[in-house]
Amino acid sequence: MASAKRTLPVRVVAGRLGGRRLRAVPGTATRPTSDRVREALFAVLGDRVEGARVLDLFAGTGALAIEALSRGASAAVLVEQAAPAAAVIRANLEALELTEVASVRRTRAETYLRGGHVGPFDLVFLDPPYAQGVGLVAGVLARLAVEGRLAPGAVVVLEAAARAEPPPWPAGLEPQQPRRYGDTTLHLATFTPLSGP
């Protein structure tokens, strides 16, 4: 979780909205992905962001989805359970004039993924609270891998504490080598439908 020492503002790193500041969620319950980690992540993703349909689970301030939209993603759904964070996401989307291409769902990630019409998405971000157990992550990943949630070739990104156990990737999600940045590790996996495209 966030430390009280964090005072740097959250900003969009690059793309058409590069340099724009984002509102932060009051208090320390929300831990925004640092500018450095976002910059490294999007360097890895490269041109896979262009035109992507994005799902941002545990969205916090919305920084990951907003970064993707700034870099050419076509649309985004941001899922956040906490009311203060959901309000900040809406404010950030309005300030950046992204409300026509992005929507906010104030609910739990697991609840959203139980919905009947979800996806397909090309790029999924999961940034759950570090204190949450592996059971939560396993359940969310299993629901993501259900038919129709992910497009063939979709990339799923999980942000976790550096010393956390590797995520339990379900069948169909092929993991890459984890990438560590300070106290954060990024786990990426690519989706291949078990029954073919």
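**Entry 1: aspartate 56.** I started with aspartate 56, which is buried but has no salt bridge. I looked for the nearest side chain of opposite charge and found arginine 38, 9.1 Å away. That is beyond the 4 Å a salt bridge allows. A reminder to myself: this is a predicted model.

Where does aspartate 56 sit? I traced it to strand S3, residues 53-57. Then I checked its side chain and saw that one of its polar atoms lies 3.2 Å from the backbone nitrogen of alanine 65. Beyond its neighbours within four places in sequence, I listed contacts with Gly62, Leu64, Ala65, Val77, Leu78, Val79 and Phe125.

**Entry 2: glutamate 80.** Next I turned to glutamate 80, in the loop between S4 and H3. Which side chain of opposite charge is nearest to glutamate 80? I found arginine 106, 7.6 Å away, and glutamate 80 is buried with no salt bridge. Its side chain does have a polar atom 3.3 Å from the backbone nitrogen of alanine 59. Leaving out residues up to four places away in sequence, I noted that glutamate 80 touches several residues, among them Phe58, Gly60, Ile89 and Arg106.

**Entry 3: helix H3.** I followed the chain into H3, residues 83-95. Its 13 residues reach 18 Å from first C-alpha to last, close to the 18 Å expected. I marked its buried residues: Ala85, Ala86, Val88, Ile89, Ala91, Asn92 and Leu93. What do they pack against? I found strands S2, S4 and S5, along with helix H2. Ala85, Ala86 and Ile89 were familiar to me from the contacts of glutamate 80. Last, I noted that glutamate 97, just after H3, takes a positive phi of about 55°.

Conventions: Residues numbered from 1 in each chain as written. Predicted model: local features only at pLDDT ≥ 70, side-chain atom pairs only at ≥ 80, totals over all residues. Heavy atoms only, no water. Helix = DSSP H or I, 4+ residues; strand = E, 2+ residues; numbered from the N terminus. Buried < 20%, exposed > 50% of the residue type's maximum accessible area, 1.4 Å probe, protein only. Lys, Arg positive; Asp, Glu negative; His and termini not counted. Polar contact = N/O pair within 3.5 Å; in protein donor to acceptor, adjacent residues only side chain to side chain. Contact = heavy atoms within 4.5 Å. Expected span 1.5 Å × (residues − 1).
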